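Hi,

Here's the structure I promised to send over. Have a look at it first, and my notes on the pockets and a surface patch follow below.

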Amino acid sequence: MWLFTRAGFFSVVDKKSQGRGVGEVCVRTRVLADFESLHQLYFPDMPDVVVEQHSDYPYRIFVGKKQWAKVAALMSEDVDYSNFKTMVGKVQGYDRAHLYGEIWSVMFGAEQKLARTTTTTTKKRVSNGH
């Protein structure tokens with residue numbers, strides 16, 4: 001799962017196939033400051049960060065799924081903005097907001113590309129926002 005939040009960007013995966021515990025997730029990020037922000041804003045008892053410099057996500061923590069669910073819920077409860085990219089610009093700076101804007105643009109393109117493959121059944125289940 002990818003999470004773009006007030007604290008930063010996180011990739012959350014299950015690493016039990018690599019010998020990690022059942023019921024545990026690996027939360028990863030590419031920018032150490034994201035973990036520092038996560039710790040300050042939402043996760044005061046965050047585990048120590050594991051550094052793997054030659055990995056696509058060099059910074060990782062390992063945490064129980066239930067504990068991570070509580071942290072994710074806190075982040076969800078903290079949504080108090082009407083535009084995510086604007087909030088990111090104010091909190092994390094223009095450079096980060098610009099990067100997130102590029103991701104928004106890619107996913108906007110996906111709306112067009114993937115809409116062509118949507119089945120009739122799926123279209124029937126989607127309302128117009130009501």
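The largest pocket in this predicted model is lined by Phe4, Phe9, Thr29, Arg30, Val31, Asp34, Arg96, Leu99, Tyr100 and Ile103. Its volume comes out at about 180 Å³. Helix α4 gives the largest share of that lining, with four residues. Sorted by class, the lining has six nonpolar residues, three charged ones and one polar one.

Next, the second largest pocket, which holds about 150 Å³ of space. Around it you'll find Leu3, Phe4, Thr5, Arg6, Tyr42, Ala72, Met75, Ser76, Asp78, Val79, Tyr81 and Phe84. Two elements, β1 (2-4) and α2 (65-77), each supply at least two of these lining residues, and α2 has the largest share with three. The class count here is eight nonpolar, two polar and two charged. Phe4 is worth a click while you're there: the residue lines the largest pocket and also the second largest one.

Now back to Ile103, which sits in helix α4 (residues 94-115). Besides being part of the lining of the largest pocket, Ile103 joins Val106 and Met107 in a nonpolar patch on the surface. Together the three have about 280 Å² of accessible area. Why can Ile103 count towards a surface patch? Patch members need over 30% relative accessible area, and Ile103 qualifies on that score because its value is 34%, which makes this residue partly exposed.

That's it from my side. Shout if anything is unclear.

Cheers

Note on methods: Residues are numbered from 1 along each chain as its sequence is written. This is a predicted model: local features need pLDDT of at least 70, side-chain atom pairs count only at pLDDT 80 or more; totals for chains, interfaces and linings use all residues. Side-chain values use heavy atoms; hydrogens and water are left out. Patches are made of residues with over 30% relative accessible area and no salt bridge: like charges are joined within 9 Å, nonpolar side chains (Val, Leu, Ile, Met, Phe, Trp, Tyr) within 5 Å. Accessible areas come from the Shrake-Rupley method with a 1.4 Å probe; for residues, only the protein chains shown count as cover. A salt bridge is a side-chain nitrogen of Lys or Arg within 4 Å of a carboxyl oxygen of Asp or Glu. Buried means under 20% relative accessible area, exposed over 50%, partly exposed in between (1.4 Å probe, protein chains only). On a 1 Å grid over the protein atoms alone, a cavity is a set of points where a 1.4 Å probe fits but cannot get out, and a pocket is an open set with protein on both sides within 12 Å along at least five of seven lines; lining residues have an atom within 4 Å of a point. Grid points are joined across faces, edges and corners, and a volume is the space filled by probe spheres set on the points. Ala, Val, Leu, Ile, Met, Phe, Trp, Tyr, Cys and Pro count as nonpolar, Asp, Glu, Lys and Arg as charged, and the others, Gly among them, as polar.
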